[in-house]
Amino acid sequence: MKLSRAASPTEHPTEHSDVTVQQLELRLEASRSCRFGVELFEDVNSVSFTRWIETHLSDHRILVVMTPTVHRLYSQQLSACWSVLDVEPRVFVLACDETTKSIDAVMAVCRQAEEADIDRRGVLVSIGGGVCSDIVGLAASLLRRGISHVRIPTTLIGQVDAGIGLKGGVNFGVLKSYIGCFYPPKAVAVVPTFLRTLSGDGILQGIAEIVKLACVCDSALFEDVEAAVTDLTRTRFQEPEVVAKKVLRRSISGMLAQLSENPFETVTLERAVDFGHTLSHPLEAATGYQLHHGFAVAIDIAFSTILASRMSLIKDREALRIVDLLTNAGLPIYHEKLDGSLVESAFDATKKHRDGALNLVVPTGIGRHAFVKDTECLSMSLIGETIEYLRKASHTNARESVNGAISALSRRTRL
Ligand SMILES: NC(=O)c1ccc[n+]([C@@H]2O[C@H](COP(=O)([O-])OP(=O)(O)OC[C@H]3O[C@@H](n4cnc5c(N)ncnc54)[C@H](O)[C@@H]3O)[C@@H](O)[C@H]2O)c1
Ligand SMILES: [Zn+2]
C-alpha cells in the first residue's frame, strides 16, 4: 500500500459540561497497487524452475501446503527443488475440496504456520488446485495481518484462472466464496507437465474457464481451442505441444489483461470474466457442491449464450458454435437443478454482489460481449424456454435439430 498524502488532523474543541472533548478528524488517503509475475516452466526439474524457487523462497521461513494427491504424485520431485534452500520448508498436506473449503481449513493452515514459526517475512506456498490456492491465499492475508504467498497451480483451472488472480476465499455454508480477500501472490509458477496426471474431468473443467475467456474476449483463442479440443483433452494438454502452450499462454495473458484493468474490482462491476459466473455459484451450491465449479461454469456459459441468442444479441450461428464447442469438448450444458427459481434467486444474489446491477455477461459474437444490466427484459418465459432448450439439446446430438431449435426459439423472441 502506498501512502499518497500525509494524514492531516483537524481539531474541533467541543464543550461538554465540565469536560472539554477534542474531536480529531484524521484522513488517510492510500492507493493500492500490485505487481506479480506469472512464469511458465518446462518442468519442475528444469534449471529455470529451481532458480525461481531460489529467487522467491530462499532466506524466508516457508510453509508449503499441498493436497494429498499432489503430495503423493510430486513430493519426491519437489523435494529435490527444496534442496536449493538453506532450510527445508515445512510441508502441510491438507485434504480439501469444495465441501471442506471453509474457514476451518484456513485455520488449519494458520495453525501449521504458527507451528512452523512463520514470521513476518515468512512465505506460504500453495501447490495444488484452486481450492488449495484459495485457502492458502486467505490464510496468508490473515497471518500477521498479511504475509507473502506464492502459487504453483497444478490443475488447468489453477493455471489459467484461480492461481493467477488476486483473490482468495472460502465458502460460508451455501454461500460460495462469501469470506475472501483480494490478496495478490508474490509470484506464480505455471508448469504444464503437472497436467499429465490430472483427471479427464479436471482438464475439462479448465477448458470451461478457457472457453469463458475466449468467448467474450479472444476470438483467436476460441478458434485454437475449437480446432484442437479433442487432442488437448486426450493428451491432458501436452499435445500438440505448440498449440497447448499457445492456448495456455493466451489464456493467462488474456486473464491478466482483464485483471490489470480492474484488479480490486473497484473500477467497475462490469467484468467480462464474470461470464459463466452468475448461475454457476448457486448451481454448485444446489448440488451440495457435487457439481464441480468448471462444469457449473460450462452450464452458465451455455445458458447465457442461448439467452443472448433468443434476445437477438448474438447470431444463431455463433451461439451454436459456442454450445457446440462445449458439447464437443464433453462439457455439460444442462443440469436438472437448473430451473426458473434457481435462475431468479441467482439473479437476486448477483445484484446484491454487483451493487444492485445484474451485469449479466452475454456474448455478442465470438470474442465479443455485452452486459444485460437489469432483469426487466428477462421474463420468466424467456428464462424457462432457454432452460428447456438446453435440456433438450443436452439429450441430442442431432446438430440439425439443435440449429432448428435455436432458430425457432430466437425467431419467436426477437426484441
Ligand atoms: N480465486 C479465484 O479467482 C478462482 C478462480 C477460479 C476458480 N476458483 C476456485 O477454484 C476451485 C476449483 O479449482 P480446481 O479446478 O483446481 O479444483 P480443485 O482445487 O478442487 O482440485 C481438484 C483435485 O485435483 C487434484 N489435483 C490437483 N493437481 C493435480 C495433478 N496435477 N494431478 C492429479 N490430481 C491433481 C487435487 O488434489 C484435487 O483433489 C473452486 O473452488 C473455484 O471456486 C477460484
Ligand atoms: Zn471460475
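User: What share of residues 206–349 is helix, and what share is strand?

Analyst: Residues 206–349 are 68% helix and 0% strand, and the end C-alpha atoms of the span lie 25 Å apart. Helices are DSSP runs of H or I of at least four residues and strands are runs of E of at least two, both numbered from the N terminus. The model is predicted, with local features needing pLDDT of at least 70 and side-chain atom pairs counting only at pLDDT 80 or more, while totals for chains, interfaces and linings use all residues. Residues are numbered from 1 along each chain as its sequence is written, chains are lettered from A and ligands numbered from 1 in the order in which they are written, and side-chain values use heavy atoms, with hydrogens and water left out.

User: What does UniProt call residues 206–349, and which feature does UniProt list at residues 93–200?

Analyst: An unreviewed UniProt entry gives "domain: 3-dehydroquinate synthase C-terminal" for 206–349 and "domain: 3-dehydroquinate synthase N-terminal" for 93–200. UniProt positions follow the numbering used here, names are shortened, and annotations may be inferred rather than shown by experiment. In the model, residues 93–200 are 30% helix and 29% strand, with end C-alpha atoms 23 Å apart.

User: What makes Glu 209 a donor of the zinc ion (ligand 2)?

Analyst: A donor is an N, O or S atom within 2.8 Å of the metal (3.2 Å for Na, K and Ca); water is not among the atoms, so sites may look incomplete. Glu 209 (OE), His 277 (NE2) and His 293 (NE2) lie 2.0 to 2.1 Å from the zinc ion, and are its protein donors. Their spacing along the chain is E-x67-H-x15-H. Glu 209 in helix H6 and His 277 in the loop between H8 and helix H9 (280–286) are 68 residues apart, and the pair links distant parts of the chain.

User: Why is Glu 209 called buried?

Analyst: Buried means under 20% relative accessible area, exposed over 50%, and partly exposed in between (1.4 Å probe, protein chains only). Glu 209 is at 3%, so it is buried. His 277, at 14%, is buried as well.

User: What is the status of Thr 350 and Ser 177 by relative accessibility?

Analyst: Thr 350, in helix H12 (residues 340–353), has 7% and counts as buried. Leaving out residues up to four places away in sequence, Thr 350 touches Thr 278, Ala 357 and Leu 358 (contact means heavy atoms within 4.5 Å). Ser 177, in strand S11 (residues 175–182), has 37% and is therefore partly exposed.

User: What is unusual about the phi of Ser 177?

Analyst: Most residues other than glycine have a negative phi, and most peptide bonds are trans. Ser 177 is not a glycine, but has a positive phi of about 50°. Arg 144, also with a positive phi, is at about 45° and sits in the loop between helix H4 (130–142) and strand S9 (148–153). The peptide bond between Glu 239 and Pro 240 is cis, with omega about -15°; Pro 240 lies in the loop between helix H7 (219–234) and H8.

User: Which residues line the largest cavity?

Analyst: The lining consists of Val 160, Asp 161, Glu 209, Ile 210, Lys 212, Leu 213, Ser 251 and Met 255. Helix H6 (200–217) gives the largest share, four residues. The volume of the cavity is about 40 Å³.

Terms used. 1 Å grid on protein atoms, 1.4 Å probe; cavity = no way out; pocket = protein on both sides within 12 Å on 5 of 7 lines; lining within 4 Å. Points joined across faces, edges and corners; volume = space filled by probe spheres on them.
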